[in-house]
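These exercises are to be worked with the sequence and the 3D structure at hand. Try each task before reading its solution.

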Amino acid sequence: MDEKTILLFDDYLQGALSPEAKENLESRLESDPALKDAFTIFRDLNGHLSHRFSDERAHFKDTLETLADTHLETTKTKKKEVKVIAFKPLRYLVAACVVLVFGTIFWSQMQDVSYDDYSFKGSIDLVERSGDESAFAKAEKAFNNKLYHEAIVSFDTILTNDPDNTQVLYYKGIASVEIEDYAEATEIFTVLSQGNSVFKYKAQWYNALSFLKQGDTDQCKQILQALPQEAANYIEAQELLKKL
Amino acid sequence: MGDYEVHADQKYVKALLTNDTKLIAEIYSRFAPKVVGYIQKNSGDESAARDIIQEALITIYDQAKTKGLTLSCPFDAYFFLICKRKWFNVLKKNKPEGVTIQEEITSIDANVQQQADQTALHEGRASLFNQVLEQMGDACKKLLKLSFSIKSMEEVAKKLEVSYAYARKKKSLCIGKLTKMVQGSAQYQTLKNL
């Protein structure tokens with residue numbers, strides 16, 4: 001398979017061929033099994049890679065992790081409850097006290113639900129090369145070192161050249177929450193949640209967290225309730241709603 | 001594929017595709033305990049079972065997403081068979097001299113078998129694709145990862161500081177190279193003849 005054929009395959013998949021060229025390739029594929037074999041692999045590889053690196057697949061895996069935590073843990077807890085039946089009466093009392101003490105601690109912790117419990121803790125990854133001096137590199141470095149004011153300056157440079165970069169806009173939103181510029185944060189998250197990027201629901205979720213940080217529980221709840229089931233943070237949102 | 005009827009449990013496949021948390025939770029509550037029990041009976045523990053369950057669900061999801069998956073048998077039996085085979089492979093890896101599996105002798109429905117075979121075939125292809133990607137040079141690997149995670153080739157080009165036309169052409173050529181590697185692999189020849 002030569003370079004020309006590969007580029008032809010790609011144009012075909014992108015829908016960039018003229019009707020004649022398209023027909024021509026299709027009839028070649030019909031009559032040449034080896035070419036068809038190569039084309040099938042080429043097409044399937046495209047499908048495979050685009051799926052493997054998709055946000056959707058990452059969200060799906062997140063869902064599975066959360067559900068496995070709940071469900072497979074439940075099985076464990078059930079087993080422990082069965083053992084309790086064998087306890088002597090006095091031990092019941094001790095057990096009850098322990099439950100009460102831990103329960104109280106747990107309950108009081110639950111009441112103090114804060115922004116920090118849910119805020120973004122990972123590091124962002126905007127550049128592939130180290131030693132890069134671009135605005136992307138500067139923004140990434142500043143953000144990951146929690147120098148949010150500095151990060152915002154670099155984010156703005158990027159956004160001036162590329163106003164549609166939703167990933168950078170989303171990170172700018174988070175940085176704005178961190179420096180307590182809530183008005184800016186909400187403006188950014190609103191724009192993102194009205195758009196169609198992969199940050200649509202993440203932005204909505206973070207907007208809720210921004211209100212949580214400001215102590216505006218009502219507004220936070222309202223936004224969380226509007227978060228649809230397909231959002232990656234849906235389960236966390238439900239958990240947070242219960243605690244509020 | 002024959003023109004069999006679609007099983008009502010197709011709803012679980014759809015749930016995986018749409019990330020329907022409520023129905024996926026049902027898979028865990030209804031079907032996972034059987035897998036956990038089976039693995040515990042066969043020298044595994046709950047955490048091993050968890051890994052197998054996650055892997056099986058991702059495998060099913062991957063197939064449904066990239067190739068389509070129409071269930072003609074109950075989800076329970078299909079899912080259980082996939083998990084069983086995965087666990088058998090784990091045991092075999094750790095103990096190549098032979099594995100004894102304890103199970104009640106029940107006949108497995110041919111339909112279930114066929115559906116699970118198809119999934120295994122799809123998984124084999126996907127894992128071959130991943131293997132050849134790993135063998136690629138760093139430049140191609142990086143370009144492909146970026147192209148497929150960012151989607152906009154303009155953005156990819158900007159990030160790599162190359163022209164748009166170059167990034168697009170290079171991406172196609174990298175996939176062309178992968179295609180040749182797949183064609184040349186012994187595994188592909190085996191999978192093709194299955």
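**Exercise 1.** Compare the end-to-end reach of H5(B) with the reach expected at 1.5 Å a residue, then list the buried residues of H5(B) and state what they pack against.

Solution. The model is a predicted one.
Step 1. H5(B) has 20 residues, and from its first C-alpha to its last it reaches 29 Å. The expected value at 1.5 Å a residue is 28 Å, and the reach is close to that.
Step 2. The aromatic names among the buried residues of H5(B) are B:Phe75, B:Tyr78, B:Phe79, B:Phe80 and B:Trp87. The list also holds B:Leu81, B:Ile82, B:Cys83, B:Lys84 and B:Lys86.
Step 3. The packing partners of these buried residues are helix H1 (10-18), H3, H4 and H6 of chain B.

**Exercise 2.** Decide whether B:Ala77 is buried, partly exposed or exposed, and find which residues it touches beyond four places in sequence.

Solution.
Step 1. B:Ala77 belongs to helix H5 (residues 75-94) of chain B.
Step 2. A residue needs 20 or more other C-beta atoms within 10 Å to be buried. B:Ala77 has 19 C-beta neighbours inside 10 Å, so it counts as partly exposed.
Step 3. Leaving out residues up to four places away in sequence, B:Ala77 touches B:Asp109 and B:Val112.
Step 4. B:Ile108 lies 31 residues from B:Ala77 in sequence, while the C-alpha to C-alpha distance between the two is 8.6 Å.

**Exercise 3.** Determine on which side of H8(A) the buried residues lie, and check the span of this helix.

Solution.
Step 1. H8(A) has 14 residues, which should span 20 Å at 1.5 Å a residue. The end C-alpha atoms of H8(A) are 20 Å apart, so the two values agree.
Step 2. The buried residues of H8(A) are A:Tyr148, A:Ala151, A:Ile152, A:Ser154, A:Phe155 and A:Ile158. Around the axis they cover an arc of only 170 degrees, and therefore they sit on the same side of H8(A).
Step 3. Exposed residues on the other side of H8(A) are A:His149, A:Thr160 and A:Asn161.
Step 4. The buried residues of H8(A) pack against H7 and H9 of chain A. For A:Phe155, the residues touched beyond four places in sequence are A:Ala139, A:Val168, A:Tyr171, A:Lys172 and A:Ala175.

**Exercise 4.** Describe the largest nonpolar core and name some members of a second, separate one.

Solution.
Step 1. The largest nonpolar core has 39 residues. Those with the most contacts inside it are A:Ala139, A:Phe155, A:Ala175, A:Trp205 and A:Ala208.
Step 2. Several helices of chain A give two or more residues to this core, including helix H7 (135-144), helix H8 (148-161) and helix H9 (166-178). The largest share, eight residues, comes from H11(A).
Step 3. The second, separate core has 32 residues, among them B:Leu16, B:Ile39, B:Cys83 and B:Trp87. B:Cys83 and B:Trp87 are also among the buried residues of H5(B).

**Exercise 5.** Find the non-glycine residue with positive phi in the loop between H9 and H10 of chain A, and the one in the loop between H3 and H4 of chain B.

Solution.
Step 1. In chain A, the loop between H9 and H10 holds A:Glu180, whose phi is near 65 degrees. With 13 other C-beta atoms within 10 Å, A:Glu180 is partly exposed.
Step 2. In chain B, the loop between H3 and H4 holds B:Ser43, whose phi is about 55 degrees. B:Ser43 is partly exposed, with 16 other C-beta atoms within 10 Å.

**Exercise 6.** State how many residues of each chain take part in the contact between chain A and chain B, and sort the chain B side by class.

Solution.
Step 1. The contact joins 40 residues of chain B to 32 residues of chain A.
Step 2. Among the helices of chain B that each supply at least two residues to its side are helix H2 (21-30), helix H6 (110-135) and helix H9 (164-184).
Step 3. The chain B side divides into 19 nonpolar, eleven polar and ten charged residues.

**Exercise 7.** Identify a part of chain A where pLDDT stays under 50.

Solution.
Step 1. Chain A has an average pLDDT of 84, and 86% of its residues score at least 70.
Step 2. Residues 74-84 of chain A stay under 50, and the model has five contacts beyond four places in sequence for them.
Step 3. Where pLDDT is low, predicted coordinates should not be read in detail.

How values were computed
Residues numbered from 1 in each chain as written. Chains lettered and ligands numbered in written order. Predicted model: local features only at pLDDT ≥ 70, side-chain atom pairs only at ≥ 80, totals over all residues. Contact = placed C-beta atoms within 7 Å. Helix = DSSP H or I, 4+ residues; strand = E, 2+ residues; numbered from the N terminus. Nonpolar A, V, L, I, M, F, W, Y, C, P; charged D, E, K, R; others polar. Buried ≥ 20, exposed ≤ 12 C-beta atoms within 10 Å, placed from the backbone. Core = buried A, V, L, I, M, F, W, Y, C linked by C-beta atoms within 7 Å. Expected span 1.5 Å × (residues − 1). pLDDT = per-residue confidence, 0-100. Arc of directions from axis to C-beta.
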